[in-house]
Amino acid sequence: MNQSSPWAIVYVTIVLDRTSGETFARDRDLADELGAILAGHPAVGGVETLAPAEYSVSLLVYTDPSAAGVVEQRASELAEALGLRAATRPEVRTDDDWRDTWKQFYRPIILGEGDLLLRPSWIPRADDHPIREIVLDPGRAFGTGLHETTRLCLDAIVARARRGVDPKAVLDLGCGSGILALAAARMFPTATVVALDDDPEATATTLENATANGLAGRLTVVTADLGDPMAERVHPPGGYDLVLANIRAETLIPRARSLRECMAPGAELVLSGVLADELEAVELAFREASFIPAGVSWPRRLNEWVALDLRRSPP
Ligand SMILES: C[S@@+](CC[C@H](N)C(=O)[O-])C[C@H]1O[C@@H](n2cnc3c(N)ncnc32)[C@H](O)[C@@H]1O
């Protein structure tokens, strides 16, 4: 779509069910899912999630004015099918603010102290941008770098690279857009990286982004869950020495033992996607699977989300 033409935004405001941490987290996930599905609509140029308010999430769905009605209807139907309480509102934008609005959401992100740049594919590099970069097309699967749970994992990668940690085999469980797998490949130049996701749309996006970054040769991308034979076939014989898993707590907890089994003794595990009130349950499940806390500040927290840095204890 041409940025100088009029654009339309369909605002989709989702009211989160705060009856419990579980219903809140479920609605947050479903809101992300709704955004990802809408991003795949042929008339949609991009979807952004506004910094969520305490009770709601707003999706800004960018489209063409002539398609705004169709996109709005699709958003309503999908929200209903997902069981979300959502209100929709289209708005045609012809004002000069438009480009600034777009840029505000998709601005490049610099991680660490200039260690890594995350750059949307359509924004050119600036002279003072860090040399190491990952270029992402944020339009499709989850993982633009703007979500707290992604950011907690990205910070974990950069912090390890700064400390000289040099993993040889890294797993990104639930790779979405591939953002973590790609950041790991860039920051750990000798590592081989496996990216797993059970959603074929996510693995397709990861492969596209890997190719765009010249990193396809460093990544093994598999559409599978952790325990699937397809995934077991690509696990390194000695086990992973770093695993990044940004997935919801209810998915992480039952996979604690499988994660242990595919990791080398002493390997590190970063769990994100955990709400503060789920911390205790996640910590218990992983302690029972012989993981111990690692890192100086534990757990790390961004808004309502926490990340657990864990280490697999020796056998
Ligand atoms: C919150 S997104 C994380 C995406 C990206 N890694 C990031 O940090 O931004 C979680 C991803 O996990 C995937 N996922 C959820 N359950 C899974 C499972 N059981 N096995 C594999 N992938 C799963 C989803 O399809 C989704 O792409």
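Modeller: Helices here are DSSP runs of H or I with at least four residues, strands are runs of E with at least two, and both are numbered from the N terminus. This is a predicted model, in which local features need pLDDT of at least 70 and side-chain atom pairs count only at pLDDT 80 or more, while totals for chains, interfaces and linings use all residues. Residues are numbered from 1 along each chain as its sequence is written, and side-chain values use heavy atoms, with hydrogens and water left out.

Biologist: Thanks! In which strand is alanine 245 found?

Modeller: Alanine 245 has 0% relative accessibility, so it counts as buried (under 20% relative accessible area; exposed is over 50% and partly exposed in between, with a 1.4 Å probe and protein chains only). The strand that holds alanine 245 covers residues 240–246 and is β11.

Biologist: What distance separates the C-alpha atoms of alanine 245 and glutamate 91?

Modeller: Along the chain, alanine 245 and glutamate 91 are 154 residues apart. Their C-alpha atoms are separated by 37 Å.

Biologist: And what is the C-alpha separation of glutamate 48 and leucine 60?

Modeller: Glutamate 48 sits in strand β2, which runs over residues 44–50. With a relative accessible area of 4%, glutamate 48 is buried. Leucine 60 is 12 residues away along the chain, and the two C-alpha atoms are separated by 5.1 Å.

Biologist: Let's zoom out. What is the radius of gyration of the protein?

Modeller: The protein has 10 helices and 15 strands. For 315 residues the globule rule (2.2 Å times the number of residues to the power 0.38, with the radius taken over C-alpha atoms) gives 20 Å, and the model is close to this, so it is as compact as a globular protein of that length. Its C-alpha trace spans about 60 × 50 × 35 Å along the principal axes. The radius of gyration is 19 Å.

Biologist: What percentage of the residues is buried?

Modeller: The count is taken over the 315 residues in the protein. Buried residues make up 52%.

Biologist: On to charges: how far apart in sequence are the parts tied together by glutamate 268 and arginine 160?

Modeller: The side chains of glutamate 268 and arginine 160 meet in a salt bridge (a side-chain nitrogen of Lys or Arg within 4 Å of a carboxyl oxygen of Asp or Glu) at 3.1 Å, N to O. Glutamate 268 is in strand β12 (residues 263–275) and arginine 160 in helix α4 (residues 148–162), so the pair links parts whose separation in sequence is 108 residues.

Biologist: Which residues are linked with Arg160 and Glu268 in a network of salt bridges?

Modeller: Glutamate 268 and arginine 160 are both buried. The structure holds 20 salt bridges. Linked with this pair in the network are Arg300, Asp309 and Arg311.

Biologist: Which residue forms a salt bridge with aspartate 166?

Modeller: Aspartate 166 is partly exposed at 41% relative accessibility, and its partner is partly exposed at 44%. The closest N and O atoms of the bridge are 2.8 Å apart, and the partner is lysine 168.

Biologist: One last thing: what is the phi of serine 290?

Modeller: Serine 290 is in the loop between α10 (279–288) and β13 (291–293). At 29% relative accessibility, serine 290 counts as partly exposed. Although serine 290 is not a glycine, its phi is positive, at about 70 degrees.
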